[in-house]
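User: Could you take a close look at one helix for me, and put that part in the context of the whole model? Keep it relaxed, but walk me through the reasoning.

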Amino acid sequence: MAKTYTFQTLGLLHGTVNESLRNISSLVASIFGVSVAFISVIEQKERRCYVSAYVGPDSDNPDFSDIPVEGSICQYVRACRKTVVIPDLLEDARTQDNEFAIQNGLRSYIGSPIHTISGRVIGAICCMSEAPRVWTQGEVKILEGMAHCVDDIIKARTLAVEKHNLHTDLQELMAARSGYLAHVSHEIRTPLTGILGSIKLLETAKTEEQSQKLMSILNRSADKLLDFLNDVLDLAKLDAGHFETVEEETDIGMLVSDTLAEFQDLAEAKSVSLFVDDQLVGNTYFTDRSAVQTILQNLIGNAVKFTDQGSITVTVDEDSYGQVSLAVTDTGIGIAPEHHEKIFKEFEQAENTTARTYGGTGLGMPIVKRMVDRMDGKISVKSQLGQGAQFSILLPLQPTTQGEVTA
């Protein structure tokens, strides 16, 4: 499954005219002999209904391209996830006061759902006539066939974006790997030097205090080397596609709470408060629980590491496209905007001083990104230096419970 992209990213919203969607709208208007036909996209979180393609009077009127969800008839298509037929808009309790219908003299409506590549209903392809009309079953099937054509366009656009992104990522990866051996040599040599030096000095240590200091250095160096090797092995497994995927029914909110609890003692030692904001209480999804837990451990671990006071909040929600949204927000040191992309690169950290002050292999965030990519998700960061950071992840997970989360 490819990732779910917004219609704006796919170039399918009004203002970035897509001839295929316009042609489908024109064909629908012609087949049904109606004055208005359009394709709508509903952003549930924003509570807006956007028009991707419109055929009818005043087609250049910007008022038609962006209206509140409450004023949209297509909201009912999204709500029931099937074709909606309204023979007389002025006689139906849902639409008798609809301003768009009244202002444009429209009396009848038919709309069929269109879908994201993950199968969630995101909007509708619709027809509206100036007179009451009884829509036949044959007409319903024709419109649903046109909706499938729109779904195919969405799929083709999504795969095209994926192909472009994969090509770009491959080029960047090949460039980054040119310095791979140099980085590996440095990261291994540093802890090995500490280990070997400590062993030699232990042989000549004269006091218990000296021995304890050397043992402490030895342990830290060994832990650092082990962490690095584990990260490299995880990255190599991801590269080779050897990470096993086992999907199971998972309560994401509970998983977040359990993972956050692992860091409770460390956070309390720094007087940092941990919170969970679970907007999906009781909802479960099929997912690779181990992968999601690894992602959370890395993000929360980083948040605790880089936050010396304040709080860390993990928010669990769904976006307008039905994807599970995970956001880890902290009040830590923050990241300068020019370093946002850099932190997802292998062996990179925001700044050299960060590695010296806070430690780390520089592989945690690249591993997170790889895992998110492997799950057809997306990760992004919002941050300013000194103002904390928010890492957000979108995952197109299949729900195991019925119904949709409402805003």
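Analyst: A quick bit of vocabulary: a residue is called buried when its relative accessible area is under 20%, with a 1.4 Å probe and protein chains only. On that cut-off, 45% of the 407 residues in this protein are buried. Keep in mind that this is a predicted model.

The part to zoom in on is helix 1, which covers residues 19–32. Those 14 residues take the helix 20 Å from first C-alpha to last, close to the 20 Å expected at 1.5 Å a residue. Which of its residues are buried? They're L21, I24, S25, V28, A29 and F32. Looking down the axis of helix 1, you'd find the buried residues within an arc of 135°, so they line one face of the helix. Right after helix 1 comes G33, with a positive phi of about 65°.

Now zoom out. Helix 1 belongs to a protein with 11 helices and 14 strands. Take the contacts between residues at least 6 apart in sequence: 67% of them join residues at least 24 apart. As for the outside, the accessible surface is about 20,600 Å², and carbon and sulfur atoms account for 52% of that.

On confidence, the protein's average pLDDT is 83, and 81% of the residues score at least 70. Residues 355–359 fall below 50, and that stretch has 8 contacts in the model beyond near neighbours in sequence. Residues 402–407 also stay under 50 in pLDDT, and there the model has 9 contacts beyond four places in sequence.

Conventions
Residues numbered from 1 in each chain as written. Predicted model: local features only at pLDDT ≥ 70, side-chain atom pairs only at ≥ 80, totals over all residues. Heavy atoms only, no water. pLDDT = per-residue confidence, 0-100. Contact = heavy atoms within 4.5 Å. Helix = DSSP H or I, 4+ residues; strand = E, 2+ residues; numbered from the N terminus. Expected span 1.5 Å × (residues − 1). Buried < 20%, exposed > 50% of the residue type's maximum accessible area, 1.4 Å probe, protein only. Arc of directions from axis to C-beta. Areas by Shrake-Rupley, 256 points an atom, 1.4 Å probe, with all protein chains shown as cover.
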